[in-house]
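Biologist: Before we use any labels for this chain, I would like to hear the reasoning behind each one. Please show me the model.

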Amino acid sequence: MNEFKSTDTDLNSKAFDNKILRIFTLSFLLLTAYFLISDYFSIVNQAKNLTLDKLSGIVNCAARQIDANEHNALVAEVTQKDGITSVNQNEKYKKLHLILKTALAAHNLNSPIYTFIKSTKGENTLEFIATSSEEPYFRHKYTTLPKQAYKRLDSGGQIKLYKDEFGQWLSAFAPIKDKNGKVLAYVQADEKFDTFIASLRSQLLIKAAVSLIGFVLVL
């Protein structure tokens, strides 16, 4: 009789131990997931803000360097799409290109800096003018600017994470003004965010794997 009681006690003790172990395991996994995800979003938000501030500084500096009247003269002088097909074809274009190219190199961006205008060819139509790229896309339509940014072009600003067919982007833009404060064009800089996100997710998976291995060793 005592043997049966002892066996029942042992079984109950083991069942209790197993229950505690399951609770402990579940709690550990939930806490690990919470801290990893929280850390991920914290790093992403911090990186977004730092990138946007950097882009704002770049475009504001470039906007002050660009002569708005000279930019406007180029727009008036060459009106057709692909009217400029090489950097050295036009002196005004070349000067703008060098300003943008210098800014690109100084800040190690992975996407060209460019200027654009509001076109007279249609409502809410934008056209590229100068670019830091060695291959001009002069007077090509600019169709991927988010609608919310279009309404505040003249004041300048930032465009938080958005997607197009090429990936995820962060952007900042600034108006190019003449001496009287009239806005004649705009300059924009973009940073592709996909590479950073992919790298961060890889780091998150590594952290999760290390945490899981450590937990298994403790068990």
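Modeller: The model is predicted. It holds six salt bridges, among them Glu 191 with Lys 54.

Biologist: Why is the pair of Glu 191 and Lys 54 called a salt bridge?

Modeller: The closest N and O atoms of Glu 191 and Lys 54 are 3.0 Å apart. The cut-off is 4 Å between a side-chain nitrogen of Lys or Arg and a carboxyl oxygen of Asp or Glu, so the pair qualifies.

Biologist: What makes this pair a tie between separate parts of the chain?

Modeller: Glu 191 belongs to strand β6 (residues 183-192), while Lys 54 belongs to helix α1 (residues 2-65). These parts are 137 residues apart in sequence, so the pair ties them together.

Biologist: Which of the terms buried, partly exposed and exposed applies to Glu 191, and which to Lys 54?

Modeller: Glu 191 has a relative accessible area of 10%; buried means under 20%, so Glu 191 is buried. Lys 54 is at 32%, which falls between 20% and 50%, so Lys 54 counts as partly exposed.

Biologist: How do you know that Glu 70 and Lys 95 form a salt bridge?

Modeller: Their closest N and O atoms are 3.6 Å apart, and the limit is 4 Å, so this pair also meets the definition. Glu 70 sits in helix α2 (residues 68-77) and Lys 95 in helix α3 (residues 91-107), 25 residues apart. Glu 70, at 26% relative accessibility, is partly exposed, and so is Lys 95, at 46%.

Biologist: What places Arg 139 and Glu 127 in the buried class?

Modeller: The relative accessible area is 9% for Arg 139 and 2% for Glu 127. Buried means under 20%, so both residues are buried. They form a salt bridge, with the closest N and O atoms 2.8 Å apart. Arg 139 is in the loop between β2 (126-131) and β3 (141-142), and Glu 127 is in strand β2.

Biologist: Which residues touch the most other members of the largest nonpolar core?

Modeller: Leu 74, Ile 113 and Val 187 do, in a core of 33 residues. Helix α1 gives the largest share, seven residues. Ile 113 touches residues including Ile 58, Leu 100, Leu 104 and Val 187.

Biologist: What makes Tyr 114 part of another core?

Modeller: Tyr 114 is included in a second, separate core of 14 residues, along with Phe 116, Leu 126 and Tyr 150. Membership requires buried residues of the nonpolar set joined through side-chain atoms within 4.5 Å.

Notes:
Residues numbered from 1 in each chain as written. Predicted model: local features only at pLDDT ≥ 70, side-chain atom pairs only at ≥ 80, totals over all residues. Heavy atoms only, no water. Helix = DSSP H or I, 4+ residues; strand = E, 2+ residues; numbered from the N terminus. Buried < 20%, exposed > 50% of the residue type's maximum accessible area, 1.4 Å probe, protein only. Contact = heavy atoms within 4.5 Å. Lists of a residue's contacts leave out its neighbours within four places in sequence.
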